[in-house]
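User: Please look over the following structure with me, and let us then work through its ligand surroundings and its helix packing by question and answer.

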Amino acid sequence: MKILVTGGCGFIGANFIRHLFSVHGDGVDIVNLDKLTYAGNPKNLAGIDARPNYRFVQGDICDADAVREAMADSEAVVNFAAETHVDRSILGPDSFLRTDILGVFVLLEEALKRKVKAFVQVSTDEVYGECLEGSFDEEATLNPRSPYSASKAGGDRLAYSYFHTYGAPVVITRASNNFGPYQYPEKLVPLFVTNALEDKPLPVYGDGMQVRDWLFVEDHCRAIALLLEKGTPGEAYNIGGGNERTNMVITRAILKTLGKPESLIQYVKDRPAHDRRYSLNFDKVRALGYVPSADFEAKLEATILWYRDHAEWWKELKSGEFRQYYETQYGKRIR
Ligand code: NAD
Ligand code: TYD
């Protein structure tokens, strides 16, 4: 299979490329189209770049020429490329609308011309908005409340429309919060782990009792690979981890694993429109054979230790553009 992966230098995209090569070895050809925004890091694919069946194209999914060049021989497309951080979408939604909606449009147009056999649009559980009780299945109403989730919902529904209108072989995936190696240190887990390692405050929004369903990134990658093969075009699939935890539980686990004091916890002003809880019913992907890992605490601990043991990876990221972002996002909130 010849696959175009977009956003392959980001957190999940890089783990997905690693997953495909570890399972298929020389039996898969991968082109990775990535703009290398602040979140894209070629080092996430160290050791992969020398493979003869791997090609990197630096480019924007909104740029039709770059997309044409990258998709030239592709039989399938998996679109991870996106602006992904809710807090940044609140500070400046423009790039979210561009990449997460317009970029999907450009990819879909080229995929139709190329007659690709499969197109996986990587969406998110955040398109449903908060779930105060029970769990959302794929039929639930979409109720996005941040510029990030609204943009992702736009891309999600545009992909859906290309199936119904033009017959594009689109499968939509909606996963819950991922954790694992190579996550840019702005999201909860890597931010709190690296702050704790630096003896800096952990800024907990509001009361910290918000709930997320934590999904180990390798489980997510396995589920996407499964859906690439077995997903029904025109359908959406939830991908959960079955690990609903409050942010405080995650925060305390991080401190305990690293042997750091709870005095590092700082409750700060809440995020606007902060979704209280996400919860997915993912029976539909389970029916295709997906089983999430059962050992959440062990996977979380291994992830925390990965950041501890790869300080050179995140210190470089935290010293660049990140400083300005951190000051804008947290400067006034942290005492
Ligand atoms: P990330 O922010 O770590 O990486 C995004 C990647 O996309 C980066 O490499 C970046 O350079 C690239 N990119 C951004 N704009 C681009 C553009 N215009 N053209 C080409 N490349 C561009 O994101 P992630 O956490 O790996 O998320 C990947 C996908 O999974 C996203 O679509 C996201 O919405 C979705 N998702 C993420 C989570 C999560 O918990 N992280 C959960 C569910 C769904
Ligand atoms: P995040 O990793 O940004 O993912 P998302 O908002 O897409 O779920 O945040 C996960 C949870 O952690 C969310 O409830 C917000 C909270 N959070 C904090 O309390 N403090 C922080 O500094 C960050 C980044 C997140």
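User: Which residue has a polar backbone atom 2.9 Å from an oxygen atom of ligand 2?
Analyst: The model is predicted, and the distances quoted here are computed from it. An oxygen atom of ligand 2 has a polar backbone atom as its partner at 2.9 Å, which falls within the 3.5 Å limit for a polar contact. The residue that supplies this backbone atom is tyrosine 205.

User: What distance separates a nitrogen atom of ligand 2 from a backbone N or O atom of proline 203?
Analyst: Pro203 is listed among the closest of the 20 residues that surround ligand 2, together with Glu126, Arg271, His274 and Tyr330. For proline 203 the pair consists of a backbone N or O atom and a nitrogen atom of the ligand, and the distance is 2.7 Å.

User: Which residue places a side-chain N or O atom 2.7 Å from an oxygen atom of ligand 2?
Analyst: The atom sought belongs to a side chain, and its partner is an oxygen atom of ligand 2 at 2.7 Å. The residue is histidine 274.

User: How many residues surround ligand 1?
Analyst: The closest residues around ligand 1 are Ile12, Asp34, Thr84, Tyr148 and Lys152. Of these, isoleucine 12 has a backbone N or O atom 2.7 Å from an oxygen atom of the ligand, and tyrosine 148 has a polar side-chain atom 2.7 Å from an oxygen atom of the ligand. A nitrogen atom of ligand 1 also lies 3.0 Å from a polar backbone atom of lysine 35. Counting the whole surrounding set, the number is 28.

User: What is the handedness of the crossing of α1 and α7?
Analyst: Helix α1 covers residues 11-24 and helix α7 covers residues 217-230, and their axes come within 9 Å while crossing at roughly 65°. From α1 the residues Phe11, Ile12, Asn15, Phe16, His19 and Leu20 meet Val217, His220, Cys221, Arg222, Ile224 and Ala225 of α7, a contact that divides into eight nonpolar, three polar and one charged residues. The crossing is right-handed.

User: Which word describes the orientation of α6 to α10?
Analyst: Helix α6, residues 188-197, packs against helix α10, residues 296-309, at an angle of about 55°, with the axes 10 Å apart. Because an angle that is neither under 35 nor over 145 degrees, and lies outside 65 to 115, is put in the remaining class, the orientation of α6 to α10 is oblique.

Definitions and conventions. Residues are numbered from 1 along each chain as its sequence is written. Chains are lettered from A and ligands numbered from 1 in the order in which they are written. This is a predicted model: local features need pLDDT of at least 70, side-chain atom pairs count only at pLDDT 80 or more; totals for chains, interfaces and linings use all residues. Side-chain values use heavy atoms; hydrogens and water are left out. Axes are lines fitted to C-alpha atoms, for helices over the stretch in contact, and angles run from 0 to 180 degrees between N-to-C directions. Helices (H or I, at least four residues) and strands (E, at least two) are DSSP runs, numbered from the N terminus. A residue is near a molecule or strand if one of its heavy atoms lies within 4 Å of it. A polar contact is a pair of N or O atoms within 3.5 Å; within protein, one must be able to donate a hydrogen and the other to accept it, and residues adjacent in sequence count only if both atoms are side-chain atoms. A crossing is left-handed if the near helix is turned anticlockwise from the far one by less than a right angle, and right-handed if clockwise. Contact means heavy atoms within 4.5 Å. Ala, Val, Leu, Ile, Met, Phe, Trp, Tyr, Cys and Pro count as nonpolar, Asp, Glu, Lys and Arg as charged, and the others, Gly among them, as polar.
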